[in-house]
Structures are given as C-alpha cells and as structure tokens.
Amino acid sequence: MKKYACEPMTAKTRKKFSMKDEHGREYKRYKHPDGTYHRQYLDDMRPMRIRDVWEISTIQSWNEKVGYPTQKPEALLERIIKASSNEGDLVADFFCGSGTTLAVAEKLGRKWIGTDLGKFAIHTTRKRMIGVQRELKQEGKPYRAFEILNLGHYERQHYVGLDPDSRHGQQVAELEKRERDFVELILSAYHAQPVTGFQNFHGKKAGRMVVVGPVNYQVDSYMIDEILLECKKRRITGVDVLGFDFEMSLAPAKQEEARDKGIDLSLRNIPREVFDKRAVERDQVVFYEVPYIEIDHSLKGDTFSIKLTDFAVFYSQDTDFIPAEDLKNKRSKVVVEKGKVIEYSKDTNGHTHHKVLTKKWTDWVDYWAVDFDYERRKSRGGDFIFENEWQSFRTKRDRSLELETPFVEFGKDRRERTVAVKVVDIFGNDTMTKRKIWRGS
Ligand SMILES: C[S@@+](CC[C@H](N)C(=O)[O-])C[C@H]1O[C@@H](n2cnc3c(N)ncnc32)[C@H](O)[C@@H]1O
C-alpha cells in the first residue's frame, strides 16, 4: 500500500468514539439520512491525506501559553519537526522567541540549538526548557542538559572591530572616530550633553556627571577609583557610570565608599536597545541601575545550602509620563518609578488610579539559580562558566518562588567552595554574585 503523510485525528474527533462493543472496539453512533442508527468504528476510519492548507488552531490551552507575544502552537512545530527530521537529528531555530521549536524538539527526542537577539526571549526559553526537562523527568523519559551561551558583544564589535588590512595610522584614526561615535550614541540615548576637558567624564545630565564605560571591558573597581578621585578633585557630588558589564560586587560596596566621600555614585546598565535606532527614536531605551544580590548560607554536617536574602533594585524609567495628561480613559500603563513598578489607569470618568505592583523585594525576582561550584570550569575565553545546578522561578501558572536551596555535599577532600548566584529580574536583566564557603565555617 502506498504510504503518505496523514492528518492526525484531532482530540475532538477522537473523543466522539466513546462507546465500546462486546469485543472492546471503539465506535460512535451516527444517524443515517433514512432515520436509522449505525455504528462507525474507530479502526475503520481512513486517515485523511495531509493537505497543503494546514488547519492548526491557535494556542487554546492555558498550560501551553508562556506569555510571549508571538508564541506559536506546539502542534504546528510538531508537524514541521516530524515531517522534516528523525529522532536524534539536530533541529535549529535561530529566531526561537519563546522556544516552541526547541520544546517540541526536546519532547520528540531531537537535539536542538536555539538563538535569539532578545533577552526576554532567551529568558522565556530558558524557563520553558527547564519546565520540559522536569516534565520528561517526571514521566521517566530521557531529557538533555543544556547550556546558555552569550555569543559575545557582536553589536559592540562594530565600534571596536577594525579592518585588519588598513595601515596602522589609519587604524588609530578609525578607532578614535568609532569611540567618539559610540560615546555620542550612548550620551544621546541617555539624554545627556557631551562635555570636554575631563579625564573621566563624557557628559552631564541634570546636574550630574556622566561616564560612558568601555565598549568591550567591564567597569571595574580601578575605573571607579579613578572616577571618584576626579570627583573629589573637582568637587563633583553626583556621577552616573554607564556600562555594559560591571565587575561583580561593585554594587553596593563602591557606592557605600563613594557615599562616605560625599559622592552619590549611580551604576547603570547600558541596554542593548541603544543599538536599535527605532528604540532610541521612540525613547524606549532604559538605563536600569545595577541591582545587588544578598545571599546567606547554612551548614549542616558536610553539607551546605544557599539562601537568597535580598535583591535590591533602584530602577527608574526616567520618562516624562504624566498619568493625568498622557492616559486616555479606560487605559492603563505600567511605569517604573523610584524602585517601584506602578500601574496607572484611568477610569471611564477620567479619574486616574495607581497600584504598586512590587511591594516586597521578592516581587522583582523572576528566576534565580545557583552554581554550587563556580570555579570548576573555565571557558576558552578564560571566564568561569556558570552552571545552573539548581533554580527556582515563577511561571505563568505558579507564581511562587523558593528562597533556599536544598543542602548539597561539600564533596570529599573539599575544604571550600565558591558558590555563584544568578538572579534574573522581572525585566529579564541578570545579575550575579559569588561567595566563598568554608567547610565548618
Ligand atoms: C516571531 S518571533 C518567534 C516566535 C517563536 N516561533 C515562538 O513560538 O515563540 C521572532 C523572534 O526573532 C527574534 N529576532 C529578530 N531578529 C533577530 C535576529 N537578527 N537574530 C536573532 N533573533 C532575532 C525576535 O527577538 C523574536 O523573538
């Protein structure tokens, strides 16, 4: 018999065969036009040949929805993956969004690779894939470990990468121009005015000095010391340092040190949206303050556990939004103001209302993960690799969060462990801290 791809029977149709005859054969009853009743047996049903119009309904189930605006139904990806690959094959989706392709590939026993430019996409996918792993584990089925890699700061490379074939003098001039362009771009997205004649400062905003951190290095304590020195020399009392990466534990230690010197030091992340022209034009680029994480540990015999005890954020969106003027009736808008997420709304009579959505520090945390032995493995670039050995996160269905890990063994002959904790906040920004733990301390 010739084989061809068939439309799978929908759950709704399958459900109609709810009766069984004396041999256990499933059937449904139907009425013939002449008024007599007949049986239609399930195993007599001829499969319907697949057509070039696929009727796959939108995601109906609350369970499947992950809250990503362009999420596709798993049924659609299931059909595509089944039709185009076999078990053990490698499936890739370079625009993975919420990770539908990857989730289905994992469930169907395929290997997978996913990429996306958006941090919210990566974060949504990470949680989804952990969910799939847990589901498969519960069902006693095999599942794969996975790693999230940051393929580097390639948007930034545009500003530092040089043509290797050009002459040295040309390269220097080119590099200087690119650095100037980069600083100009960041200052304009931050609504700061450029300044000259300083050793560290690049701009000025609302009475504070602004420093644009390096393109391809993290802002470290040495740089901050230089900045504080110049602040002191020039009697500057407020400075905003903008950076792509900050050395771990700069916040809050260096901020406290600055406060003791009478300087208000704000450390802010440069968001990748600064490279998106449309986002800059629409004023959607938010430079969030670097949050800090506090953790604690407990010892029990040869084991230890990690507790998340604080996650402090000082986010402010820096917009000119005035609810009474800018909101239409029956509309609402979520705004971040002075470390709080606030929902403003206007009722049918034009009265504005507000509701604070973040009441406790834990409301900011969407996900946190622990690597109990952070310094065991380095990447080719020489950085340590964070391994998600344990994690707790909120899902659309389950909003709860565990704040302490189970106890883990120190391990034979190990006197100490360096533990790293990563927190991803509700906006998808991640921050990390680490701590050395000694056996018996
Ligand atoms: C339509 S969505 C994919 C939705 C996905 N199929 C799902 O079910 O959730 C497209 C995704 O492509 C990503 N994207 C757009 N341009 C990209 C690029 N140049 N490289 C990587 N990802 C990109 C977006 O961030 C977005 O998440």
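I'll start with a contact between domains. Nine residues of domain 2 are in contact with seven residues of domain 4. On the domain 2 side of that contact, the classes split into three nonpolar, three polar and three charged residues. Everything I say today refers to a predicted model.

For orientation, here are the bounds. The domain assignment puts domain 1 at 11-44, domain 2 at 55-148, domain 3 at 175-281 and domain 4 at 292-438. Between the C-alpha centres of domain 2 and domain 4, the separation is 24 Å.

Now the ligand. Which residues are closest to the ligand? They are Phe95, Gly97, Ser98, Thr100 and Gly118, out of 14 residues that surround it. By class, that shell has five nonpolar, seven polar and two charged residues.

One of those closest residues, Thr100, takes us to helix 3, which runs over residues 100-107. Is helix 3 enclosed or open? Seven of its eight residues are buried, so helix 3 is largely enclosed by the rest of the structure. The buried ones are Thr100, Thr101, Leu102, Ala103, Val104, Ala105 and Glu106. Note that a charged residue, Glu106, is on that list. What do these residues pack against? Their partners are helix 2, strand 4 at 90-93, strand 5 at 111-114 and helix 4 at 119-138. After helix 3 comes glycine 109, with a positive phi near 75°.

Next, two positions on the helix 2 side. Alanine 75 sits in helix 2, residues 74-84. Its C-alpha lies 9.7 Å from that of threonine 100, with the two positions 25 residues apart along the chain. Is alanine 75 buried or partly exposed? It has 17 other C-beta atoms within 10 Å, and burial takes 20 or more, so alanine 75 is partly exposed.

Serine 85 is in the loop between helix 2 and strand 4. It also counts as partly exposed, because it has 16 C-beta neighbours inside 10 Å. Setting aside neighbours within four places in sequence, serine 85 is in contact with Val91 and Arg110. Its C-alpha is 9.6 Å from that of alanine 105, and the two are 20 residues apart along the chain. Alanine 105 is itself among the buried residues of helix 3.

On to helix 4. At 1.5 Å a residue, its 20 residues should span 28 Å, and the end C-alpha atoms are 29 Å apart, which agrees. The buried residues of helix 4 are Ala121, Ile122, His123, Thr124, Thr125, Lys127, Arg128, Met129 and Val132. What covers them? The cover includes helix 3 and strand 5, and also strand 16 at 365-371, strand 17 at 390-393 and strand 19 at 416-425. Those three strands fall inside the bounds given for domain 4, while helix 4 falls inside those of domain 2. Just after helix 4, glycine 140 has a positive phi of about 70°.

Now helix 6, residues 168-189. It has 22 residues and reaches 32 Å from its first C-alpha to its last, close to the 32 Å expected at 1.5 Å a residue. In this helix Ile186, Leu187 and Ala189 are buried. Why do they count as being on the same side of helix 6? Because they cover an arc of only 170° around the axis. The face turned away from that buried side carries the exposed residues Gly169, Gln170, Ala173, Glu176, Lys177 and Asp181. Covering the buried residues are elements that include strand 6 (193-194), strand 7 (203-205), strand 8 (208-212), strand 9 (238-243) and helix 9 (277-281).

Last, backbone angles outside glycine. Histidine 191 lies in the loop between helix 6 and strand 6. Its phi is near 60°, a positive value in a residue other than glycine. Histidine 191 is partly exposed, because 14 other C-beta atoms lie within 10 Å. Lysine 330 is another case: its phi is positive, about 60°, although it is not a glycine. It sits in the loop between helix 10 (323-326) and strand 13 (332-337). Is lysine 330 buried or exposed? With 10 C-beta neighbours inside 10 Å, and a limit of 12 or fewer, lysine 330 counts as exposed.

That is the end of my notes.

Notes
Residues numbered from 1 in each chain as written. Predicted model: local features only at pLDDT ≥ 70, side-chain atom pairs only at ≥ 80, totals over all residues. Domains from an automatic or database assignment. Contact = placed C-beta atoms within 7 Å. Near = placed C-beta within 6 Å. Helix = DSSP H or I, 4+ residues; strand = E, 2+ residues; numbered from the N terminus. Expected span 1.5 Å × (residues − 1). Arc of directions from axis to C-beta.
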